[in-house]
Amino acid sequence: MMLGTSTDASALTYYPVAPGVRLNVRSGPGTDYTIVRVLPEGAKVPIFCQTPGSTVTGYYGTSNIWDNIDDGEYVSDAYVNTGSDGYVASRCG
């Protein structure tokens with residue numbers, strides 16, 4: 001019998017991006033990183049880990065938390081409805 005691991009994709013929670021926002025996805029945790037793509041309005045994103053970065057004022061307030069939504073892809077937590085002003089996932093290593 002295998003012990004359960006937290007890497008099961010079905011266990012991921014998807015969080016909604018702020019309404020009416022086409023969110024820039026950046027290559028790192030800050031506004032000085034290049035934009036790699038733009039999420040459409042109404043997008044939902046998984047959060048694999050979170051890390052501090054540049055401070056952004058967005059729809060959900062001001063935050064320096066950046067959400068890792070894919071390999072090499074980060075969005076500002078100020079535009080993601082996580083239900084918390086703090087960390088909701090583990091810190092990126």
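**View 1. Tyr60, at 30% relative accessibility, counts as partly exposed.** That label covers the range between buried (under 20% relative accessible area) and exposed (over 50%), worked out with a 1.4 Å probe and protein chains only. What you're looking at is a predicted model, where local features need pLDDT of at least 70 and side-chain atom pairs count only at pLDDT 80 or more, while totals for chains, interfaces and linings use all residues. Residues are numbered from 1 along each chain as its sequence is written, and side-chain values use heavy atoms, with hydrogens and water left out. The count of aromatic pairs comes to 1. Tyr59 and Tyr60 make up that pair, edge-to-face, with 4.8 Å centre to centre and 75 degrees between the planes. For the record, rings of Phe, Tyr and Trp (its six-membered ring) pair if their centres lie within 6.5 Å; planes under 30 degrees apart are stacked, over 60 edge-to-face, and the rest tilted. Tyr59 is partly exposed too, at 49% relative accessibility.

**View 2. Strands 5 and 6 make a hairpin with 2 residues between them.** The two run antiparallel, and 7 bridges hook strand 5 to strand 6 (residues 61-70). Zoom in on Gln50 and you'll find its bridge partner in strand 6, Asp67. Strands here are DSSP runs of E, at least two residues long, and helices are runs of H or I, at least four residues long, numbered from the N terminus. Two strands pair if DSSP finds at least two bridges between them.

**View 3. Another hairpin joins strand 6 to strand 7, again with 2 residues in between.** Gly72 sits in the turn, with a positive phi of about 75 degrees. These strands also run antiparallel, this time with 4 bridges. Asp70 stands opposite Glu73 in strand 7.

**View 4. Glu73 also reaches Arg37 in a side-chain salt bridge, 2.7 Å from N to O.** Glu73 lies in strand 7 (residues 73-76) and Arg37 in strand 3 (residues 35-38), so the contact ties together parts that are 36 residues apart in sequence. The structure holds 1 salt bridge, a term that calls for a side-chain nitrogen of Lys or Arg within 4 Å of a carboxyl oxygen of Asp or Glu. Buried or partly exposed: what is Glu73? Glu73 counts as buried, at 13% relative accessibility, whereas Arg37 is partly exposed at 36%.

**View 5. A disulfide joins Cys49 to Cys92, with 2.0 Å from S to S.** The pair links distant parts of the chain, 43 residues apart: Cys49 belongs to strand 5 (residues 49-58), and Cys92 to the segment after strand 7. The torsion about their S-S bond is about 95 degrees, so this disulfide is right-handed. Cysteine sulfur atoms within 2.5 Å count as a disulfide, and the structure holds 1. Cys49 is buried at 13% relative accessible area; Cys92, at 21%, counts as partly exposed.

**View 6. Zoomed back out, the chain has 7 strands and 0 helices.** Along the sequence the pattern reads β-β-β-β-β-β-β. Of the 93 residues, 37% are buried. Residues 24 or more positions apart supply 47% of the contacts with a separation of 6 or more, a contact being heavy atoms within 4.5 Å. The chain exposes about 5,600 Å², with carbon and sulfur atoms supplying 50% of that area.

How values were computed
Areas by Shrake-Rupley, 256 points an atom, 1.4 Å probe, with all protein chains shown as cover.
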